[in-house]
Amino acid sequence: MRWTLRIITYAVFAIMVLTLAIIVVSGLPHFFRPGFFTEWPRRAMSEGGIFPMLIGSLMLMALVFAVSIPVGLIGTIFLSEIAPRKLSMVLQSLAATMNSVPSIVYGVFGLSFFCVRLSMGTSLISASLTLSTMSIPFFMNSAVEFLRAVPKELREGVIALGASKLQATLMVLRASRNGVLTSLILTLGRAFSETAPILVTGAVFYTTKLPVRLTDPVMTLPTSIYAIVMNLGEESQWMAKGMASLMVLITIGVYFLVQLMRRNQRE
């Protein structure tokens, strides 16, 4: 029985590694094409590079970072340090429920609320707010466990020394900073790979300039991969493979960094 489980585990692990290897290897040679990272796509994505998609994704992540982290951190502190126990449990259950909502539902919400109701249109700000709406519950659910893992004696000891509630909370945050930072990286990693929410709220297939205002649309890596695969012919597929390979490498780098931080935290 033990050997059977071991063989099944190794087989599943091998399939996962093989899947990632196929995606990376199929797109990696395109990294070395002239202008792949620095030029605009041309001739229906059959020539040029991924420069506007790369910059667009970075701009989107910067805005998600600016919105999600302050709001998510305040919510996490409220759940862990301020809210009564029953209210905290209800709010955390709500956040967990929002985590399980399909991402396209957030896209529909962002389209109807940010794009139409608030008249933001198909824009960078609509996409970033939609992604932030999806990311904040994920960040809170993950980070709150790290704050609660801080020993109760630390809070009581700090307050016994005459510190205020705010100073005690800051001490808890300092003690759990590695875990909170891990949650932050995981949140951004998840937001980076999402396609559906930004496909209907802020991304366009092609534009001739980078966004200069928050109300401008944006090209991104995941939505461009989707558009190329669904709409263009074989001569353009190399660009989708190159972007997919880049996204997998970035995602692997993010999770490697998280594992490294967790190991250092345990030590």
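Is Lys209 buried, exposed or partly exposed? We will select that residue at the end of the tour.

A word before we start: this is a predicted model, in which local features need pLDDT of at least 70 and side-chain atom pairs pLDDT 80 or more, while totals for chains, interfaces and linings use all residues. Residues are numbered from 1 along each chain as its sequence is written, and side-chain values use heavy atoms, without hydrogens and water.

Begin with the whole chain. You will see eleven helices and zero strands (helices are DSSP runs of H or I with at least four residues, strands runs of E with at least two, numbered from the N terminus). The C-alpha trace spans about 70 × 60 × 30 Å along its principal axes.

Next, select residues 124-148, which form helix 5. Its end C-alpha atoms lie 35 Å apart, in agreement with the 36 Å expected for 25 residues at 1.5 Å a residue (the expected span is 1.5 Å times one less than the number of residues). Of these 25 residues, 20 are buried (under 20% relative accessible area, with a 1.4 Å probe and protein chains only; exposed is over 50%, partly exposed in between).

Now add residues 51-82, helix 2. The axes of helix 2 and helix 5 come within 7 Å and cross at roughly 35 degrees (axes are lines fitted to C-alpha atoms over the stretch in contact, with angles from 0 to 180 degrees between N-to-C directions).

Finally, go to Lys209, in the loop between helix 9 (196-199) and helix 10 (221-231). Lys209 counts as partly exposed because its relative accessibility is 47%.
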